[in-house]
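Open the model in your viewer and keep the sequence panel visible. The stops below go from strand to helix to loop, with something to select at each.

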Amino acid sequence: MRKAASSAGELDRVEEHEDVDLWEEYGELVDETIDYLKTGFRDGRKPAPADHSTESEPPSPSPQVGDPISACTTLSEVADLVHACTRCRLHRGRRNAVPGEGREKADILFVGEGPGAQEDVQGRPFVGRAGQLLTKMLAAIDLTREEVYITNIVKCRPPENRNPLPDEAETCFPYLQRQIEIIDPMIVVCLGGPAVQRITGSTSGITRMRGTLHRYKDYPVLPTYHPAAVLRFPDKYRRPVWNDLKMLRDYYRELRR
Ligand code: SF4
């Protein structure tokens, strides 16, 4: 039976002993450094470049009654629609759409911004380095990936790992809305500013929003930093994320009483 890390110190030791490919990590760090020197990034993601070639492309309308998304009754049906989706420009550059994975009736739903390179290749959410850290974060509060559901605001990889553009997030949001309705979770955890801003409609930054509960319809929403931000700036983000995880653990226990 898995023994979960129960403190930030234990989380540190779990990470230290993780069987990771150091050379692969070194190569990725070099790539990230080059990316940073070329473009900079915020909250662990690159800024969205102007996309003049597609500015005239209007977002698809939100689904109405009778829309196939609204008609889905299972996560598998939502996933089938996502895999075939061409509603926004992001479908053009994807290898695989990434609908999400986990328990159909999970108590806790994790929502990130969008798939990265590894997620695009594998068609699964949070499988790169940030995903490995998310798995450790879950273990630190005695959860497994199989117990929760993990997805993103947009289901297809934005080019060069930029943040989703507002019209892309808007166009893809009905899929997440339907996933939330089907899962009906106790808590929605938003990973990063774009996720919590899209779900709650707030324009506040993640630093102001984290540490307190927010709402999406009847669902409590707990924001925290994206794991990619923790990887890039561990001294800055590890402690607040650990505090948010403890808040999630305690609130979840309270809800289950
Ligand atoms: S990001 Fe969402 S709306 Fe855009 S093509 Fe992919 S599944 Fe469709």
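Select G102 and Y149: G102 stands opposite Y149 of β3. This is a predicted model, and the tour starts in its sheet. Two bridges join β1 to β3, and the two strands run antiparallel.

Stay on β3 and show its side chains. Y149 and T151 point one way from the strand, while I150 and N152 point the other way, and all are buried. Now add F110, which stands opposite I150 in β3. β2 and β3 are joined by four bridges and run parallel.

Colour the whole sheet next. In what order do its six strands lie? The order is β1-β3-β2-β4-β6-β5, in an open sheet with mixed pairing. The edges are held by β1 (101-102) and β5 (214-216); each has a single partner strand, so one side of each has no neighbour in the sheet.

Go to the β5 edge. β5 pairs with β6 (residues 219-224) in the antiparallel sense, over three bridges. To find one of the contacts between the strands, select R215, whose bridge partner in β6 is P220.

**Across the sheet: α8**

Select residues 193-200, which form helix α8. This helix lies across β2 (108-112), β4 (187-191), β5 and β6, and runs at about 135 degrees to β4. Which residues of α8 are buried? They are G193, A195, V196, R198 and I199. The elements that cover them include β2, α7, β4, α9 (206-209), β5 and β6. Step just past the end of α8 to G201, where phi is positive, at about 80 degrees.

Return to I199 and list its contacts. Beyond its neighbours within four places in sequence, I199 is in contact with V111, I153, F173, L176, V188, C190, Y216 and V221.

**The core**

I199 also belongs to the largest nonpolar core, which has 60 residues; together with F110, I199 has the most contacts inside it. Select residues 166-183 to see helix α7, which gives this core its largest share, eight residues. In soluble globular proteins, nonpolar side chains tend to be buried together.

**One face of α4**

Move to helix α4 (residues 75-83) and show L75, V78, A79 and V82, the buried residues of this helix. Look down the axis of α4: these residues fall within an arc of 100 degrees, so they line one face of the helix. Bring β3 and α7 back into view, since both are among the elements that cover the buried residues of α4.

**Loops on either side of α6**

Select F126 in the loop between α5 (117-122) and α6. Its phi is near 50 degrees, a positive value in a residue other than glycine. Is F126 buried or exposed? F126 has a relative accessible area of 4%, under the 20% limit, so it counts as buried.

The loop between α6 and β3 holds D142. D142, too, is not a glycine and has a positive phi, of about 65 degrees. With a relative accessible area of 47%, D142 is partly exposed.

R145 is in the loop between α6 (129-140) and β3 (149-152). R145 counts as buried, at 12% relative accessibility. What does R145 touch, leaving out residues up to four places away in sequence? The list is E101, G102, R124, P125, F126, V127, G131, T135, L138 and I150. Two stops already visited, G102 and F126, are among them.

**Cysteines**

Select C88 and C172. C88 is buried, with a relative accessible area of 14%, and C172 counts as buried at 10%. The structure holds zero disulfides.

**The whole chain**

Finally, clear the selection and show the full chain, with its eleven helices and six strands. Of its 257 residues, 46% count as buried. Among contacts between residues at least 6 apart in sequence, 74% join residues at least 24 apart.

Methods. Residues are numbered from 1 along each chain as its sequence is written. This is a predicted model: local features need pLDDT of at least 70, side-chain atom pairs count only at pLDDT 80 or more; totals for chains, interfaces and linings use all residues. Side-chain values use heavy atoms; hydrogens and water are left out. A nonpolar core is a set of buried Ala, Val, Leu, Ile, Met, Phe, Trp, Tyr and Cys residues joined through side-chain atoms within 4.5 Å. Buried means under 20% relative accessible area, exposed over 50%, partly exposed in between (1.4 Å probe, protein chains only). Contact means heavy atoms within 4.5 Å. Two strands pair if DSSP finds at least two bridges between them. Axes are lines fitted to C-alpha atoms, for helices over the stretch in contact, and angles run from 0 to 180 degrees between N-to-C directions. The arc is that of the directions from the helix axis to the C-beta atoms. A disulfide is a pair of cysteine sulfur atoms within 2.5 Å.
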